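This report covers a helix pair and the salt bridges of one chain. The structure is shown first.

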Amino acid sequence: MNYTGLLIGFATFMAIGIFHPLVIKAEYHFGRRSWWAFLLVGIAALTASVFTECDNVSILLGVIAFSSLWGIGEVFQQHERVRKGWFPMNPKRRKDYEK
């Protein structure tokens with residue numbers, strides 16, 4: 001039996017499940033400027049994925065990389081969701097949400 005597909009599917013599911021709350025917390029605590037952290041993690045994981053010899057580890061790093069890069073756009077969308085009142089606003093950064 002080959003469990004590689006299940007492993008990659010589970011890893012993808014977990015990466016999405018982990019990055020979703022990370023984006024919410026990052027935007028709450030650091031605002032839109034947190035997108036740099038997601039970019040750096042994405043580039044690091046992409047680079048590691050390219051230079052890793054083990055196929056399974058390379059695929060997992062690729063999933064993490066693209067989940068992180070997707071998180072960049074989600075940080076900006078999360079900012080808008082907070083501005084609309086769908087998520088709680090950090091009271092210390094109230095000015096960030098004014099137009």
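In this predicted model, helix H2 passes helix H3 in a left-handed crossing. H2 spans residues 35-51 and H3 residues 55-83; their axes come within 8 Å and cross at roughly 160°. Because angles over 145 degrees count as roughly antiparallel, H2 is roughly antiparallel to H3.

On the H2 side, the contact is made by Trp35, Phe38, Leu39, Val41, Gly42, Ala45, Leu46, Ala48 and Ser49. Residues contributed by H3 include Leu61, Ile64, Phe66, Leu69, Ile72, Val75 and Phe76. The residues of this contact divide into 15 nonpolar, six polar and no charged.

The count of salt bridges comes to four. Among them are the following pairs.

| Acidic residue | Basic residue | Closest N to O distance |
|---|---|---|
| Glutamate 27 | Arginine 93 | 3.5 Å |
| Glutamate 74 | Arginine 81 | 3.2 Å |
| Aspartate 96 | Arginine 93 | 2.7 Å |

Glu27, Arg93 and Asp96 are linked in a network of salt bridges. Within this network, glutamate 27 and arginine 93 link distant parts of the chain: glutamate 27 lies in helix H1 (residues 4-30), arginine 93 in the segment after H3, and the two are 66 residues apart. Glutamate 27 has a relative accessible area of 1% and is buried. Arginine 93 also counts as buried, at 9% relative accessibility, whereas aspartate 96 is partly exposed at 33%.

In the pair of glutamate 74 with arginine 81, glutamate 74 is buried at 18% relative accessibility. Arginine 81 is likewise buried, with a relative accessible area of 18%.

Note on methods
Residues are numbered from 1 along each chain as its sequence is written. This is a predicted model: local features need pLDDT of at least 70, side-chain atom pairs count only at pLDDT 80 or more; totals for chains, interfaces and linings use all residues. Side-chain values use heavy atoms; hydrogens and water are left out. Axes are lines fitted to C-alpha atoms, for helices over the stretch in contact, and angles run from 0 to 180 degrees between N-to-C directions. Helices (H or I, at least four residues) and strands (E, at least two) are DSSP runs, numbered from the N terminus. Angles under 35 degrees count as roughly parallel, over 145 as roughly antiparallel, 65 to 115 as roughly perpendicular and the rest as oblique. A crossing is left-handed if the near helix is turned anticlockwise from the far one by less than a right angle, and right-handed if clockwise. Contact means heavy atoms within 4.5 Å. Ala, Val, Leu, Ile, Met, Phe, Trp, Tyr, Cys and Pro count as nonpolar, Asp, Glu, Lys and Arg as charged, and the others, Gly among them, as polar. A salt bridge is a side-chain nitrogen of Lys or Arg within 4 Å of a carboxyl oxygen of Asp or Glu. Buried means under 20% relative accessible area, exposed over 50%, partly exposed in between (1.4 Å probe, protein chains only).
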